[in-house]
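Visitor: Could you take me on a close look at the pocket in this one? I'd like a proper walk around a single part.

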Amino acid sequence: MIDLSGKTIFVTGASRGAGAGIARTLAAAGADVIGSYANNREAADAVAADMGARAKGFVQTDFNDPAAAEAAWAEATSLAGGRIDGLVLNHGIFEGASVHDEASVWQANWSRTLQVNLQSAADLARLAARDWVDGAGGSLVAISSRAAHRGDDLDHPAYAASKAGLIAMIKTLAHAYSGRGLLAYAISPGWIDTEMAPQEPEARKRALAEVPFGDMAQPEELGKLCAFLLSGACASATGGTFDVNGASYVR
């Protein structure tokens, strides 16, 4: 069992889905966890209750606001008592627009998707790096997507591009700063068994048909992989991307 005792981890998008599973798993491994959420305070409170004494608070933020990342990092650092040891960039949106839409719809989708999924994540990573490099150090894990490697459907090119950008950022930060205290990793999941996955029986059947393993990944699987990476158990894997997709896309 990975032991994260003594570490404080900030998990964005932790009130539901994969983020909630990650937060709960990190807390079970002994980490003190701070989460972020967009709107659903009740869901955030439920996750905090599950984590018990390991929950150090939730930050409400809208990452579509260009100023949100800096404010969220400052509040999370305060809740942590002055130091955050690890950051899991899990927040994101999955909103569609295709080349057949009006230019205004297409451009608005790209602008919002890149701001939430990539720019705000880069802003948080920058702040973490400024705190960690040439100091006490820290670990960064970005939740990307299978779509970063294989692309996505016709309605979600912006989503795929944003997730590919996350991986490029992780590689760059790892290459630049791993010898100076910052470790950085990416995880590329396929379908995760949350409310964001297809729920209608036929749609779910179609989704599972492309997964040789035969099932979707559980949120706790991502949590366990995050715990392993954040523990420093294999620090030389910094810069790596880890696929969690049931062999549905093998690189």
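Guide: Sure, and a word on naming: helices (H or I, at least four residues) and strands (E, at least two) are DSSP runs, numbered from the N terminus. Keep in mind that this is a predicted model, where local features need pLDDT of at least 70, side-chain atom pairs count only at pLDDT 80 or more, and totals for chains, interfaces and linings use all residues. Residues are numbered from 1 along each chain as its sequence is written, and side-chain values use heavy atoms, with hydrogens and water left out.

A pocket here is an open set of points on a 1 Å grid over the protein atoms alone, where a 1.4 Å probe fits, with protein on both sides within 12 Å along at least five of seven lines; lining residues have an atom within 4 Å of a point. The largest pocket is lined by 45 residues, and nearest its centre you'll find Arg16, Gly92, Ile93, Phe94 and Met196. Two or more lining residues come from each of α1 (17-28), β2 (32-37), α4 (103-132), α5 (147-150) and α6 (157-177). Of these, α1 gives the largest share, three residues.

Now follow α4 along. Its 30 residues reach 41 Å from first C-alpha to last, close to the 44 Å expected at 1.5 Å a residue (that expected span is 1.5 Å times one less than the number of residues). At Gln115, α4 bends by about 45°, the bend being the angle between axes fitted to the seven residues ending there and the seven starting there. After α4 comes Asp134, with a positive phi near 60°.
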